[in-house]
Amino acid sequence: AAMAARCRLAARFHHIHGANIRLDASHTQATRVESFANGLCFSQEPLAPGQIFLVEIEEKELGWCGHLRVGLTAHDPQSLEVVPEYSLPDLVNMGDTWVFAITRNHNRVVVEGEEAQARGRPWEPFLLIERVRIPRDTLVGRSRPSRYSHILDDLYKMNVLPATARRSRIGVLYAPQPDGTADMHIVINGEDMGPSARGLPTARPLYAVIDVFASTKSVRVIPVDYGFPSLQTLCRLVIQKHIVHRLAIDGLDLPPLLKSYCQHE
């Protein structure tokens, strides 16, 4: 319960941010209002071990190359004299910062000599990272079904969006290790990309870094409750597991509200 309360409280952006960022009144939506840079944002509070800071891409902007950048920093945003123009390389060059660019084909980073771990099936209710169990349902971004969606997007049948698409959900967390350090993990639409960085200092507060860069124009923080999935969520996961793609839900003998919930949420 304490973890859930803290996660809810921390699911906001810090009032310190890049010059081109505008926050809404709730500090949960960050929009870059001009140019392609100066879009750096931070979590309002340092993250707890295993706590994911999750955002959904709400708006894209054509004409720019590059996408969202995500990571962690040990720098307190309040201590920054000037917010750097870029997370890569400016903030990273300040040290104690680990940031990665999200790409269309972002894949798990495997350390040399380490075998890739089996990823959980997309309908399993929890994502397991080290000892952390996160309800998968909130982590997964979903497109809105249309007549030709399953043709245009090969991943549509899995209810998963490309990493840089609108409504894609991307999160970052750190998992403590026995040696007292931590591994940083990036999660894209419910899939753990694995350790993106190792050896992070757990003795210092770590803030999430969200760089609303280039073609990513607006993102929103998605609160994550660390609890058991509801019966409604479990029913939806079972339905989605047994269909070819979500357009097939229209043909099922289900109440209209349940169909809509299975298709759009």
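In this predicted model, seven strands build an open sheet. Their order is E1-E2-E13-E4-E9-E10-E11, and the pairing is antiparallel. Strand E1 (21-23) and E11 form the edges, each pairing on one side only. From one strand to the next, the twist averages 25 degrees. Within this sheet, E4 and E9 are joined in the antiparallel sense by four bridges. Valine 55 stands opposite isoleucine 170 of E9.

Another open sheet contains four strands, in the order E3-E12-E5-E6. Its pairing is antiparallel. The edge strands here are E3 and strand E6 (97-101), and each pairs on one side only. The twist of this sheet averages 20 degrees from one strand to the next. E5 and E12 run antiparallel and are joined by five bridges. Threonine 73 has tyrosine 207, in E12, as its bridge partner.

The chain as a whole holds six helices and 13 strands. Of its 265 residues, 49% are buried. The accessible surface amounts to about 13000 Å². Carbon and sulfur atoms account for 54% of that surface. Contacts reach far along the sequence. Among those between residues at least 6 apart in sequence, 68% join residues at least 24 apart.

The largest nonpolar core comprises 32 residues. Phe13, Phe53, Ile210 and Val219 touch the most other members. Several strands each supply at least two residues of this core: strand E4 (53-60), strand E5 (69-73), strand E9 (169-176), strand E10 (181-188), strand E11 (191-201), strand E12 (207-211) and strand E13 (216-221). The most comes from E10, which gives four residues. A second core is separate from this one and has eleven residues. Ile52, Leu127, Leu139 and Ile222 are among them.

Aromatic side chains were examined next. The whole structure contains five aromatic pairs. One of these is formed by phenylalanine 36 and tryptophan 64. Their ring centres lie 5.0 Å apart, with 40 degrees between the planes, and the pair is tilted. This pair links distant parts of the chain. Phenylalanine 36 sits in the loop between E2 and E3, and tryptophan 64 in the loop between E4 and E5, 28 residues apart. Phenylalanine 36 has a relative accessible area of 28%, so this residue counts as partly exposed. Tryptophan 64 is also partly exposed, because its relative accessibility is 34% and thus falls between the limits of 20% and 50%.

Phenylalanine 36 has a further ring partner in tyrosine 86. The two centres are 6.4 Å apart and the planes meet at 35 degrees, so this pair is tilted. It too links distant parts of the chain. Tyrosine 86 belongs to the loop between E5 and H2, whereas phenylalanine 36 is in the loop between E2 and E3, with their positions 50 residues apart in sequence. Tyrosine 86 has a relative accessible area of 19%; this value is under 20%, so the residue is buried. Ring pairs join Phe36, Trp64, Tyr86 and Phe213 into a cluster.

Backbone geometry shows a few local features. Leucine 88 and proline 89 are joined by a cis peptide bond, with omega about 5 degrees. Proline 89 is located in helix H2 (residues 87-93). Asparagine 38, a residue other than glycine, has a positive phi, near 55 degrees. Asparagine 38 is placed in the loop between strand E2 (29-32) and strand E3 (40-42). Glutamate 130 likewise has a positive phi near 55 degrees in a residue other than glycine. The loop between strand E7 (126-129) and strand E8 (132-135) holds glutamate 130. With a relative accessible area of 47%, glutamate 130 is under the 50% limit for exposed residues and therefore counts as partly exposed.

How values were computed
Residues numbered from 1 in each chain as written. Predicted model: local features only at pLDDT ≥ 70, side-chain atom pairs only at ≥ 80, totals over all residues. Heavy atoms only, no water. Core = buried A, V, L, I, M, F, W, Y, C linked by side-chain atoms within 4.5 Å. Buried < 20%, exposed > 50% of the residue type's maximum accessible area, 1.4 Å probe, protein only. Contact = heavy atoms within 4.5 Å. Areas by Shrake-Rupley, 256 points an atom, 1.4 Å probe, with all protein chains shown as cover. Pairing = 2+ DSSP bridges. Axes fitted to C-alpha atoms, helices over the stretch in contact; angles between N-to-C directions. Phe/Tyr/Trp six-rings, centres within 6.5 Å; stacked < 30°, edge-to-face > 60°.
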